[in-house]
Amino acid sequence: MNKPAAPVPFGANAPSIALPLAFVLTGLLALATGTGWIVARPALLATYHYNQHVIAATHLFVLGWICTIIMGAMYQLVPVALETKLHSERLAWVQFAFHVVGFTGMVWMFRQWNMTHVGHFGAVLATGVGLFVYNLGRTLRRVPKWNVTATAVAAALMWISLTILAGLSLATAKCVFASEAGNATPGPLLRALQALARGVVHFDPISAMHAHAHLGGVGCFTMLIVGVSYKLIPMFTLSEVQRPRRAALSVALLNLGLAGAFVTILLRSPWKLLSALLVIAALGLYGWELAAILRARKRRTLDWGLKYFLTAVALLGPLAALAIVLSWPGLPLNAQTGQLENAYGFLGLLGVVTLAIMGMLYKIIPFLVWFGRYSRQVGRAQVPALADLYSARLQAAGYWSYLAGLLVTVGAIVAASEPAVRVGGSLLAFGVLTLLANVAVMLSHFFKPRVKPFALATQPLPKPA
């Protein structure tokens, strides 16, 4: 009879710390740039979103901030959470280079509205995403025990692949127009891209853009928030998933609803309301299971990282209400509904997804720094606790500032008020600055560890007789 395998120490499967930190720092730089852009140019949110500046800023947040952070976090969390090893850390570094070049070039070229070069940089980004999907896919094949988190990660990899394909198709369709106008030299590659774009140009461009956005926003980002939290929230709160079937059903419904939403949005079909209700039902099941996990937790105190994350989950409520309104059959597109679409996208990306990421960063970065600098000193010297690596006051100040910024900005978007958007954007920027300051405090431990020797026990000297 074989002996049971020895338990793997927590974190032993994680890649080197430098890899996720490179992604995290790049993502934070993109977030700071994006919030500064909103403050400097509030018209980004106070006017309808189908213009080059809004599309450029949106891709900065989506690709530069959210995707970069998620990719780095998945390289760290998937091996740890699913008890396996990353397929190739070297491949992840190659993907990082493709990703940074791709998204920075795309944002710049979107801003210039040079769709030919958007396509070129998009191909670079797509190569990186392909490497990312391949690396994580090979990692998932090693998972010893398949569960709902692994299913959600696999689904997210599929949806991000389709998102990139849809995005490239849209860019290619624009390039077709440029070629036909004589602004590009036809060649074999261009002719192949033109063949791909012939199907895309038959759809309404705004509907195609919205369908593409939902593939990424719901299929990748929301899917990962749901799936990964089924592993991490029980881990952080000392609890466990209460109803595995309910958790699995939430992921299945989310996939089904998103597939329907993509088709119905693309076709401008009145059935998109049904798809929206399916997605909302999936998120309702997720919230139900998450509440059950929290009720059963043994660690009663919720730290600020979890408060950020749970606030993000709570924001799914107003986001779902907006989704129902915007999916209503026959709703006309006018100035008011256009601003509601802006508010919907803003609340989804900078509300739900960004707050969830901020909360998880407050769990991931201290762990990375502590594990890299202090884990080997445990038992040999005095080392700081995880909570000593950051400022709780900065966390609290950032939470309230960012939340106020969200509320003010959403109201300003609906009212199409540029001055109010600038006020809300400034509050958001302050919240981001507190995060950056806390990250700097945490990284200071990485470069200058605070290790103290144990105090020697002193015995009182015997009194002379």
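User: Which residues does Ala-126 touch, not counting residues up to four places away in sequence?

Analyst: With those neighbours set aside, Ala-126 touches Ile-164 and Leu-168. Keep in mind that this is a predicted model. Ala-126 itself is found in helix α5, residues 115–140.

User: What makes these pairs count as touching?

Analyst: The cut-off is heavy atoms within 4.5 Å. Ala-126 touches Ile-164 and Leu-168, so each of these pairs has heavy atoms within 4.5 Å.

User: Why is Gly-372 called partly exposed?

Analyst: Its relative accessible area is 29%. Buried means under 20% and exposed means over 50%, so the 29% of Gly-372 falls in between and earns the label partly exposed. Gly-372 is found in helix α13, and its C-alpha atom is separated by 6.8 Å from that of Ile-17, 355 residues apart along the chain.

User: How do you know that Trp-65 is buried?

Analyst: Trp-65 belongs to the largest nonpolar core, which has 137 residues. Members of such a core must be buried, and buried means under 20% relative accessible area, so Trp-65 is under 20%. Trp-65 is also among the five members that touch the most other members, along with Met-74, Phe-221, Phe-309 and Leu-361. Apart from this core lies another one of five residues, including Ala-208 and Ile-265.

User: Trp-65 touches Thr-354. What keeps Thr-354 out of a nonpolar core?

Analyst: The kinds of residue allowed in a nonpolar core are Ala, Val, Leu, Ile, Met, Phe, Trp, Tyr and Cys. Thr is not on that list, so Thr-354 cannot be a member.

User: What makes the empty space of about 320 Å³ a cavity instead of a pocket?

Analyst: In a cavity, a 1.4 Å probe fits but cannot get out, whereas a pocket is open. The space of about 320 Å³ is the largest cavity, so the probe fits there and cannot get out. The closest lining residues to its centre are Ile-70, Leu-77, Leu-224, Val-228 and Met-360. Helix α3 gives the largest share of the lining, seven residues.

User: How many residues of each class line the largest cavity?

Analyst: Its lining has 21 nonpolar, two polar and no charged residues.

User: And which classes line the second largest pocket?

Analyst: That lining divides into 18 nonpolar, two polar and three charged residues. Lys and Arg count as charged, so Arg-299 and Lys-363, both among the closest to the pocket's centre, belong to the charged class.

Definitions and conventions:
Residues are numbered from 1 along each chain as its sequence is written. This is a predicted model: local features need pLDDT of at least 70, side-chain atom pairs count only at pLDDT 80 or more; totals for chains, interfaces and linings use all residues. Side-chain values use heavy atoms; hydrogens and water are left out. Helices (H or I, at least four residues) and strands (E, at least two) are DSSP runs, numbered from the N terminus. On a 1 Å grid over the protein atoms alone, a cavity is a set of points where a 1.4 Å probe fits but cannot get out, and a pocket is an open set with protein on both sides within 12 Å along at least five of seven lines; lining residues have an atom within 4 Å of a point. Buried means under 20% relative accessible area, exposed over 50%, partly exposed in between (1.4 Å probe, protein chains only). A nonpolar core is a set of buried Ala, Val, Leu, Ile, Met, Phe, Trp, Tyr and Cys residues joined through side-chain atoms within 4.5 Å. Grid points are joined across faces, edges and corners, and a volume is the space filled by probe spheres set on the points.
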